[in-house]
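Me: Can you take a look at this one with me? I want to go over how two of the domains meet.
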Amino acid sequence: MLLLGCIKEVSDYELAISLPNGLSGFVPVTQISDAYSKLLTKQVAQGELLEELNSLPDIYSPGTLVRCIVTSIEKSADGRRSVKLSIDPKKVNRGLSSTALAAGMLLSGSVLSVEDHGYLIDIGVTGTHAFLPHQKAKNYIKAVKKGPDLKIGQNLNCLIVEVKNEGRVVCLSIDRSEVAASIASERQNWSLSNLLPGLVVKARVQKVAPLGMKLTFLSYFTGIVDFMHMDPAKSLSYSPDQVVKACVLSVQPTSRAVRLTLRPPFLHPGGAPRQLPGQRMGAVLEEATVKAFYKQFGAVFELDDGTLAFARLKHLSKTRKSFKPGAFKEGCKHKCRIIDYSLMDEMCVVSLKHQIIEARFLQYQDIQTGDVVQGKVLSLKPIGMQVKVADGIRGLVPSLHLSDVILKQPEKKYSTGDEVKCRVLECNPGGKKLILTLKKSLVQSKLPVLSNYEDAKPGLITHGFVVCAREFGCIVKFYNDVKGLVPKNELGSDPISCPDKVFYEGQVLKVMVLKCEPQQERLLLSFRLSSKPGPEDKWKCTPKEKQEVKFQIGQIVDVKILKKKDNGLEVSILEDEDNVVAWIPTLHLSDFVATSKLLWHCLQEGDVLPRVMYLSHKGEHIILSRKSAVISAVQEEQVVRSFSEIQPGMLLTGYVRNVMPFGVFVEFPFGVTGLAPKVSMSDKFVTDTKDHFVVGQTVIAKVMSIDEEKQRVLLNLKVSECSSGDSAAESFALLNQYFKELKEIRDLLRRGDPSICELVPGKRVHLVVQDMREDGSALFSGSSVTGLTVTATRYHLGDKNIAPGEKRKAIVLHVDALTSEMYVSLREELLKQRP
C-alpha cells in the first residue's frame, strides 16, 4: 500500500512518520535508498566514518511530506502494532516503467550522486537515468537550509521537465515554485498500477455522505474523502458535480481503493501541514465540545481555541462496557487531554480516560532531571535494566546504577514486572533518551540536584557518584553528565596515598563544591565537608571574605571605576576607609541589555557611578548591580530572602542567569534561582529559547510552583501572566527609565566626541559618495561624520544613480555608537519632510 506521510521525528536510526487517520509508522535507516544503504554497508565494513555518509538528522527535517510504501506490520509482545515503511524510490515507484514517464509527472526521487553540473537521481525506474541540474535545485537547497549541496540519500519531490530517448533519460526539477504549480493530468497517462500519493488533481464530487464523499478524477478514477480530510471551512458546502482540487493520500492497488484529501496545505505539492504549538501537547482541557460522533471510529471535538480534535473509541471511556454513546451527542462537553497530534490530519488526538488525564508523564518532555519516578522492570540486559515509566516512555538503568553497590547477579534482586522507584539522571527528549538510577543514596537524597555547571556555587554540598579513582584523585559525576575533580589533597582529612583502593566506581558520596568555571565546564570538589581550605591550599581564602559582613544586600553605595575589563567594571566603594574593591558585571549596568553594552563602552576609568546596590558576595568578588528594576524591588521589599518565603503566584523581579534549550534560569536578589520551562517562557510559540531571552536581561517572573524536596522553583515569564494589573503605568515607567539612561549615555558620549550627539535621526547632512558595494549599498564620508562608517542601503538610495566623488544630501536614520556606524537615506519622500 502506498501512502503520503509527514516526517514527525528524526533519529540516527529511523524516521517516525505521521500517516493519515491518526496512524504512524517508521522508516528504518536501511529503507531510505539503495545508494544510502550501500554507504551504510561500506561504513560498517571499514569501521570508520565516511565523509559522504550524512546522518538522517542532517538530511531530513520534521514536517516534510514523503511518499511511503508499507513493507510490514509487526505485532509487539504487548499487542501493539508497528507499521514499517520504506521511502526507497525503487519500492515506491515500482509501478512506473521508462515508457510510462511523461513531462509534468511528479514522483519521488533520491540523490544517487553529486556530479559537476548537477545530481544523478534514483527515481526507481529500471533503464532510466534521471538528472537534476544545479540551476533547478538552487532555490530548494536555499529554503531547506541543510547545507550548500544535496546529500546522498536525500528524498526529493521531483517534477519531470523533459523525457528523452523514449524514457531512457529524464531531466528533473525540484524548484519549489515549479513543483507547487504541478497538477496531474490525463495526458500523463496515469494508471491504477502506477498512481502515486501526493499527486494533486482536479476532481468532481460524485456523492456526498455523512462520513465523507466520493470523487471522480483523471477521467476514470474514483476515490474517497473521509470526514477527517474535508476542508473544515467548507465541509458543509460540498454538492454533487462540484469541481474541487484534491490530493491523493493513499493507493491500495489490490483493492483499487484510492483515498484523497481536500485539506488546504496538501493542495500544493511540496506544502507542509500545520504543526501543533509545543505547549499544547499534554494540555488538559476542562471542556471540549462534541462536534460529531461516529460509532465505528470515535468522536470529533471542538477545543477551547476553536480547533478540532479526534478521540478514538477506546479513548472515550475506561472500558468498552462503561462506554455510553448517549454522552457523546453533539454539544456535550467532556474533560480531555491532548495525547498526540496527527500531522497528516492536522488534528489533535485526545483521550477522555481518567488515568491518562491524571498521568504525571505523557511524553519525555514532561520529565525533568532529578525527578523521582515509579517504573516497571521490562528487561535485564548486560548494559543494564530497561524500565517502563509510562506508556511510550522507557528508560535505562545502567548496570552501575542498579544498586548502591555493584551487583554481580542483578537477576536475583530484580524480576520482569517489578515496580521500582528511580531517579532521573539524564533526560534528552529529542533523542528519547532517559537514564535512571536505582541507587538508594541518590533516590532518597534531600540535597540539591546538580544538573548544570551554573548551579555549582562554591560551598554547595550535594550527592555525587565516583566514576574514576586514580592516583591524582577522584572524578565524581552528578546529573546531566556534570562532572568534577576531587584532587588528592581534598579526598579526606588524612592523606590518602592510593585513592583507587579507598574509593570504588559507582560509590555515592557527599561532596562540596570548591570552585566552578561554567564556560570551561570545570568543577573542583572536596570530600572534606566541614573543614575549610587552609591558607597554604591552592584555593586559599582571601582577606576579602571578611567584607561579607560589612555590607548588606540591598545597601546603596557610590563607586569609582578603577579598571575596565572585558565583562565588567572593577570599582572601589567610596566613603569606605578600607577602599573595598567590588565588581559590576557589564550586564548589571542596566535593565536593558543593549544599554549595558553602550554604558560600558562610554564609561572611563575614574568615573563615579552613584546609587549602585550591593547584590552578593561570590568567590573573591563583591558583586554590585545598577539595574533600577532590581534595586526598586529590593527597596520596596518585593523580594524573597530565602527559599522558604516563596509562594506560588508571587511576582518577582530578577535577571536571566542562563538560557538553556529546555528553558531559562532566573536569579533573584538574595540568591534564589528558578527555572522557566520552554512552555512557560513566552505567549508566542518557542522554537529556540535563545530567540526570546539573553543572559543578563531583567525580567518579571511569576512563581508557578515550588518543590521543597528539590529546592526547585518553577517560573512563568509570559507577559500575559506577569503583570501586576496596571500594565500601562509599568510600561511608561520602563520607557522613562530607558530614555533617562539614553540621556546619560548621550552626556557621556558628548565629552568624548560632541559631534556624534548632534547626529540624531531626522537630521540632514551633506555627504560625499565614497564607494558603491556589490549589494547595491553605498558608503559615504563627510566633515560632520568623521570617524563613522556611513552607509545607505540600495532601498535608501531611492532611484538615484550615484557615483564616487558626488556630493549628496542625506537624512540620518540611525547611529550605532557601539560600532561607530551610521545609516542614512537619500529618498526624496524623507528629505522633503520638514525637520
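What follows is a short chat about a domain interface in this predicted model.

Me: Which domains is the protein chain divided into?
Reply: Domain 1 covers 1-156 + 165-182, domain 2 covers 278-358 and domain 3 covers 364-444. After those come domain 4 (460-526), domain 5 (631-721) and domain 6 (763-832).

Me: Let's stick with domain 3 and domain 4. How many residues are in contact?
Reply: On the domain 3 side there are 15, and they touch nine residues of domain 4. The centres of the two domains, taken over C-alpha atoms, are 24 Å apart.

Me: And what area is buried between them?
Reply: About 1000 Å², with carbon and sulfur atoms giving 65% of that.

Me: Which residues in domain 3 lose the most area to domain 4?
Reply: Leu400, Leu425 and Leu442. Together these three account for 41% of what the domain 3 side buries.

Me: OK, polar stuff now. How many salt bridges across the interface?
Reply: Zero between domain 3 and domain 4. There are four residue pairs in polar contact, though.

Me: Which elements give two or more residues to the domain 3 side?
Reply: Strand E24 (419-428) and helix H7 (440-443). E24 has the largest share, with five residues.

Me: How do the residues on that side divide into nonpolar, polar and charged?
Reply: On the side of domain 3 that touches domain 4, seven are nonpolar, four are polar and four are charged. Those four charged residues sit in an interface with zero salt bridges.

Conventions:
Residues numbered from 1 in each chain as written. Predicted model: local features only at pLDDT ≥ 70, side-chain atom pairs only at ≥ 80, totals over all residues. Heavy atoms only, no water. Domains from an automatic or database assignment. Contact = heavy atoms within 4.5 Å. Buried area = accessible area lost by both parts, 1.4 Å probe. Salt bridge = Lys/Arg side-chain N within 4 Å of Asp/Glu carboxyl O. Polar contact = N/O pair within 3.5 Å; in protein donor to acceptor, adjacent residues only side chain to side chain. Helix = DSSP H or I, 4+ residues; strand = E, 2+ residues; numbered from the N terminus. Nonpolar A, V, L, I, M, F, W, Y, C, P; charged D, E, K, R; others polar.
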